[in-house]
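Here is a short set of exercises to work through with the model open beside you. Try each task yourself before reading the solution.

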Amino acid sequence: MRKFNINVDGKNYVVEVEEIGGVSTSPVMASPVAPVAAAPKAAPVVSGNGEPFKAPMPGTVLDVCVANGASVKKGDTILVLEAMKMENNMTAQKDGIVTVVVSKGASVGSGDTLFTIA
């Protein structure tokens, strides 16, 4: 058995998990532990120099329409973000070279950097 700390909806639990192929002795119930202050969410690592484009709302990246290093013009669609069951085109705010820092299927929060344009 291996012991892990798991955080679910702000509550920390200590759980034991049986490794595959291991011998089970008896089931172990998770027990709540005292809440621990959550570490602040780390900002995503942004590679490339340029002006960051931040997500205007939380959502899921449905499609990335350009490759890293591509030359884009103002108004070109860089990626499609689904939020509240609507597809929203995230477009270049200026001409330049794009560096996309998210991938298709990624969940993003409001204010997360999606791409940069240099």
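The exercises below go from the whole chain to its sheet, its core and its surface.

**Before you start**

This is a predicted model, in which local features need pLDDT of at least 70 and side-chain atom pairs count only at pLDDT 80 or more, while totals for chains, interfaces and linings use all residues. Residues are numbered from 1 along each chain as its sequence is written, and side-chain values use heavy atoms, with hydrogens and water left out.

**Exercise 1. Take stock of the chain: its elements, its burial and its surface.**

Step 1: Begin with the secondary structure, where helices (H or I, at least four residues) and strands (E, at least two) are DSSP runs numbered from the N terminus. The chain holds 11 strands and 0 helices.

Step 2: Turn to burial, where buried means under 20% relative accessible area, exposed over 50%, and partly exposed in between (1.4 Å probe, protein chains only). Of the 118 residues in the chain, 25% are buried.

Step 3: Add up the surface, using the Shrake-Rupley method with a 1.4 Å probe and, for residues, only the protein chains shown as cover. The accessible surface of the chain is about 8,000 Å², and carbon and sulfur atoms account for 56% of that.

Step 4: Look at contacts, meaning heavy atoms within 4.5 Å. Among contacts in the chain with a separation of 6 or more, 47% are between residues 24 or more positions apart.

**Exercise 2. Work out the strand order of the open sheet that contains E9, and find its edges.**

Step 1: Recall the general rule that strands of a sheet pair through backbone hydrogen bonds, either parallel or antiparallel. Here two strands count as paired if DSSP finds at least two bridges between them.

Step 2: On one side, strand E6 (residues 71–72) pairs with E9 in the antiparallel sense over 2 bridges. Serine 71 is the residue opposite isoleucine 97 of E9.

Step 3: E9 and E11 also run antiparallel, joined by 3 bridges. Threonine 99 has threonine 116 of E11 as its bridge partner, and valine 98 is partnered by isoleucine 117 of E11.

Step 4: Put together, the open sheet has 4 strands in the order E4-E11-E9-E6, with antiparallel pairing. Strand E4 (51–54) and E6 each have a single partner strand, so they stand at the edges and one side of each lacks a neighbour in the sheet.

Step 5: Check how enclosed E9 is: 4 of its 5 residues are buried, so the rest of the structure largely encloses this strand. Glycine 96 lies in E9 and counts as buried because its relative accessibility is 14%. Leaving aside neighbours within four places in sequence, glycine 96 contacts Ala70, Ser71, Val72, Ile117 and Ala118.

**Exercise 3. Locate the largest nonpolar core and the strands that feed it.**

Step 1: Fix the criterion: a nonpolar core is a set of buried Ala, Val, Leu, Ile, Met, Phe, Trp, Tyr and Cys residues joined through side-chain atoms within 4.5 Å.

Step 2: The largest such core has 17 residues, and Ile78, Leu79, Val98, Val100, Leu114 and Phe115 have the most contacts inside it. At least two core residues come from each of strand E7 (77–83), strand E9 (96–100) and strand E11 (113–117).

Step 3: Follow one member outwards. Apart from neighbours within four places in sequence, the contacts of leucine 114 include Phe53, Leu79, Met90 and Val100.

**Exercise 4. Describe the hairpin of E1 and E2 and the nonpolar patch on the surface.**

Step 1: E1 pairs with strand E2 (residues 11–17) in the antiparallel sense over 7 bridges. Asparagine 7 has asparagine 12 of E2 as its bridge partner.

Step 2: The two strands E1 and E2 form a hairpin with 2 residues between them, and aspartate 9 in the turn has a positive phi of about 50 degrees.

Step 3: Now find the patch: Phe4, Ile6, Val8 and Val17 form a nonpolar patch on the surface with about 290 Å² of accessible area together. Strand E1 (residues 2–8) contributes the most to this patch, with 3 residues.

Step 4: Patch residues have over 30% relative accessible area and no salt bridge; like charges are joined within 9 Å, and nonpolar side chains (Val, Leu, Ile, Met, Phe, Trp, Tyr) within 5 Å. A salt bridge is a side-chain nitrogen of Lys or Arg within 4 Å of a carboxyl oxygen of Asp or Glu.

Step 5: Test one member: isoleucine 6 lies in strand E1 and counts as partly exposed, at 36% relative accessibility.
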